[in-house]
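The exercises below concern a ligand site and a pair of helices, and each task is followed by a solution that goes step by step.

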Amino acid sequence: MSENMDKIKEYIESVIEGSLPEEEGHAKPVIEAMNYAVRGGGKRIRPLLMYLTYMSFCNDVSDETEQSGNNDNSTDNASEKRAGNNVSSIVEPFMAALEMIHCYSLVHDDILDNDDLRRGKPSCHKQYGKDMALLAGDGLLNYAYETAARAFTMKPGDIDVEKAFFVLTFKPGLYGMLGGQTADVYLTGKPVDENQLEYIYRNKTSALIECAMMIGAILAGLPQDLVDSLENVAYKVGMAFQVRDDILDIEGDEKLLGKTVGQDADNDKYTFARIHGLDESRKYVEDITKEALEILAEIGKEADSVNEEYFSLLTDVLKSLATRNM
Ligand code: GRG
């Protein structure tokens, strides 16, 4: 099968769009704010990494997702959608769920920092007010699990689905993103040491990237030792992603980024880039990305079967994150 990245991105958008709740009923105001926060503008890196990891290692052809319209969003029956009847591959509910969790974190983060812009649009609380944005974040977190739980009915009793669901509960939580964000908020305005900084970055940013690649690997049936190695790849990629984020907050283009730059300094955050400077930060991103790619290449040699086309796309995406401008 041959496909290009544009087609994959289109497919991911359709999976996310097809998983959003209908804007109806008494909860409509919050559903509108939830959908606003998810729709439009995001890079969709987490579902993309999950999908490319899954497709790189999945050798069960019957479970492969074709982007050819099997993901029919035409139904206007919300209960059918909730039952997952328009879902064609086991990885899809997890892809949509992880993007919802990521979007909830952005909504709440923007409230906390009182950021005006997100993805080139007014942030959720600027558009819908603080109360509704808070509820939209809560709603997205909850609906993410409702969405992922569809996988249980697609493959009843499947141990890999259970494992993947556990990873989806663990990585965004206390011992993952939420823990990292807590330390970040608690330590704002205070000088941080290397250990604290590593803890914050590993958790607030790497955790969801680890979540993406681990779930892709687990659902593809990779053995535990290779899932662990991919977790390490994702950890390193996540660290690079966050340091690149720091760099862009200093010298990035607001138009490309779709958000206000200079927020870290304004909020008195001691980021890697502020502590180490731009040159050292660039070198760190380059070095840790190289380490990640070396481990990924080893995984490619050790895995029983690898789809070379997807594996090479996965490698290219990870490489491109080190020099991203948005
Ligand atoms: C503090 C009230 C309160 C809530 C916290 C847990 C949480 C909400 C926030 C997580 C921390 C966070 C926002 C980390 C930033 C990670 C990061 C670099 C986000 C930007 O991701 P991109 O570049 O964004 O993938 P797009 O828009 O492309 O999806």
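**Exercise 1.** In this predicted model, determine in which hand helix 1 passes helix 3, and state how the axes of the two helices are arranged.

*Solution.* Begin with the hand: helix 1 passes helix 3 in a right-handed crossing. Next take the axes, where helix 1 (residues 5-19) and helix 3 (residues 45-57) come within 10 Å and cross at roughly 115 degrees. Because angles of 65 to 115 degrees count as roughly perpendicular, helix 1 is to be described as roughly perpendicular to helix 3.

**Exercise 2.** Identify which residues come nearest to the ligand, and examine the polar side-chain atoms that Lys43, His102 and Arg119 place by the ligand.

*Solution.* The ligand has 18 residues around it, of which Lys43, Arg46, His102, Arg119 and Gln181 come nearest. For Lys43, an N or O atom of the side chain lies 2.6 Å from an oxygen atom of the ligand. For His102, the distance from a polar side-chain atom to a ligand oxygen is 2.7 Å, and for Arg119 a polar side-chain atom is likewise found 2.7 Å from an oxygen atom of the ligand. As for cover, the ligand on its own has 750 Å² of accessible area, and the protein covers 88% of this.

**Exercise 3.** Establish which elements give two or more residues to the shell around the ligand, and how the residues of that shell divide by character.

*Solution.* The elements in question are helix 5 (91-113), helix 10 (177-186), helix 11 (194-219) and helix 12 (224-251). Of these, helix 5 gives the most, with 7 residues. By character, the shell divides into 5 nonpolar, 7 polar and 6 charged residues.

Methods. Residues numbered from 1 in each chain as written. Predicted model: local features only at pLDDT ≥ 70, side-chain atom pairs only at ≥ 80, totals over all residues. Heavy atoms only, no water. Near = heavy atom within 4 Å. Polar contact = N/O pair within 3.5 Å; in protein donor to acceptor, adjacent residues only side chain to side chain. Areas by Shrake-Rupley, 256 points an atom, 1.4 Å probe, with all protein chains shown as cover. Helix = DSSP H or I, 4+ residues; strand = E, 2+ residues; numbered from the N terminus. Nonpolar A, V, L, I, M, F, W, Y, C, P; charged D, E, K, R; others polar. Axes fitted to C-alpha atoms, helices over the stretch in contact; angles between N-to-C directions. Parallel < 35°, antiparallel > 145°, perpendicular 65-115°, else oblique. Left-handed = near helix turned anticlockwise from the far one by under 90°.
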